[in-house]
Amino acid sequence: MYNKEIVVLLDTLGIGHRFQGRTIVYAAVQLALEDESRLLHFTEQITTVLAQRYDMKLTNIERSIRTVSGHAWQTNPAYLCRLAGYPLNKAPSVSELIDILLTSIIRSRAISSSRN
């Protein structure tokens, strides 16, 4: 299922289609949106699932997400901090990036539903 919220976040962070990690981060956030508790067992329930889905090594999945995180930090650190809701001193870790994006979407949905 296409999720425009994730796409807008990735675009705003400067994560274009040339990044293989864009697809992986998108899929990771989708999995977390389906079940937030997956973040508690990130390796087993998100990165391992994605490694199997994309026929990649677990380390390559993590590296792709780290690359996205680093690029987002270099491109738009202020926006990334705003999404996080707290100051960041460096690029977020793999699981932290997914958590930040997930929380931002949940927060945005809560605000939208309270307006309706």
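Let's start at Ile-61, which counts as buried, at 0% relative accessibility. Please keep in mind that we are looking at a predicted model. Ile-61 sits in helix α4. Which residues is Ile-61 in contact with, leaving aside its neighbours within four places in sequence? They are Ile-24, Thr-47, Leu-50, Ala-51 and Met-56. You can also look for Gly-21: 40 residues separate Ile-61 and Gly-21 in sequence, while their C-alpha atoms are 7.7 Å apart in space.

Now turn to Asp-55, in the loop between α3 and α4. Is Asp-55 buried or exposed? At 71% relative accessibility, Asp-55 counts as exposed. There is something else to point out about its backbone: Asp-55 has a positive phi of about 50°, although Asp-55 is not a glycine.

Another loop residue for you to find is Phe-19, between α1 and α2. Phe-19 counts as buried, with a relative accessibility of 14%. To reach that label, we use the cut-off for buried, which is under 20% relative accessible area. What does Phe-19 touch, not counting residues up to four places away in sequence? The answer is Gly-14, Thr-67 and His-71. If you want a residue to compare positions with, try Ile-106: Phe-19 and Ile-106 are 87 residues apart in sequence, and 25 Å apart in space from C-alpha to C-alpha.

On to helix α6. This helix has 22 residues. From its first C-alpha to its last, α6 reaches 33 Å, which is close to the 32 Å expected at 1.5 Å a residue. Which residues in α6 are buried? They are Val-94, Leu-97, Ile-98, Ile-100, Leu-101, Leu-102, Ser-104 and Ile-105. And what covers them? The cover includes α1, α2, α3, α4 and α5. If you would like to trace some of those helices on the screen, α2 runs over residues 20-34, α3 over 42-53 and α4 over 58-75.

Let me pick out Ser-104 from that group. Ser-104 has its place in helix α6, and at 10% relative accessibility Ser-104 counts as buried. Setting aside residues up to four places away in sequence, Ser-104 touches Leu-9 and Leu-83.

Ser-104, Leu-9 and Leu-83 also bring us to the largest pocket, because they are among the residues that line this pocket. The other lining residues are Glu-5, Val-8, Tyr-79, Arg-82, Ile-105, Arg-107, Ser-108 and Ile-111. The elements giving two or more residues to this lining are α1 (4-12), α5 (77-84) and α6 (94-115). Which element gives the largest share? It is α6, with 5 residues. By type, the lining divides into 6 nonpolar, 2 polar and 3 charged residues. As for how much space there is, about 230 Å³ lies in the largest pocket.

Let's finish with the salt bridges. How many does the structure hold? It holds 3 salt bridges.

For one of them, go back to Glu-5, which we met in the pocket lining. The side chains of Glu-5 and Arg-109 meet in a salt bridge, at 2.7 Å from N to O. Arg-109 lies in helix α6 and Glu-5 in helix α1, so this pair ties together parts that are 104 residues apart in sequence. Both partners are partly exposed: Arg-109 has a relative accessible area of 39%, and Glu-5 has a relative accessibility of 27%.

Another salt bridge joins the side chains of Asp-11 and Arg-22, at 2.8 Å from N to O. Here Asp-11 lies in helix α1 and Arg-22 in helix α2, so the parts tied together are 11 residues apart in sequence. Is Arg-22 buried or exposed? Arg-22 is buried, with a relative accessible area of 7%, whereas Asp-11 counts as partly exposed at 43% relative accessibility.

That leaves the salt bridge between Arg-38 and Glu-34, where the closest N and O atoms are 3.1 Å apart. Glu-34 counts as exposed, with 58% relative accessibility.

So here is a little tour to take on your own screen. Begin at buried Ile-61 in α4, move along to Asp-55 in the loop between α3 and α4, and then follow α6 to the largest pocket, where α6 gives 5 residues to the lining. Thanks for listening, everyone!

How values were computed
Residues are numbered from 1 along each chain as its sequence is written. This is a predicted model: local features need pLDDT of at least 70, side-chain atom pairs count only at pLDDT 80 or more; totals for chains, interfaces and linings use all residues. Side-chain values use heavy atoms; hydrogens and water are left out. On a 1 Å grid over the protein atoms alone, a cavity is a set of points where a 1.4 Å probe fits but cannot get out, and a pocket is an open set with protein on both sides within 12 Å along at least five of seven lines; lining residues have an atom within 4 Å of a point. Grid points are joined across faces, edges and corners, and a volume is the space filled by probe spheres set on the points. Helices (H or I, at least four residues) and strands (E, at least two) are DSSP runs, numbered from the N terminus. Ala, Val, Leu, Ile, Met, Phe, Trp, Tyr, Cys and Pro count as nonpolar, Asp, Glu, Lys and Arg as charged, and the others, Gly among them, as polar. The expected span of a helix is 1.5 Å times one less than its number of residues. Buried means under 20% relative accessible area, exposed over 50%, partly exposed in between (1.4 Å probe, protein chains only). Contact means heavy atoms within 4.5 Å. A salt bridge is a side-chain nitrogen of Lys or Arg within 4 Å of a carboxyl oxygen of Asp or Glu.
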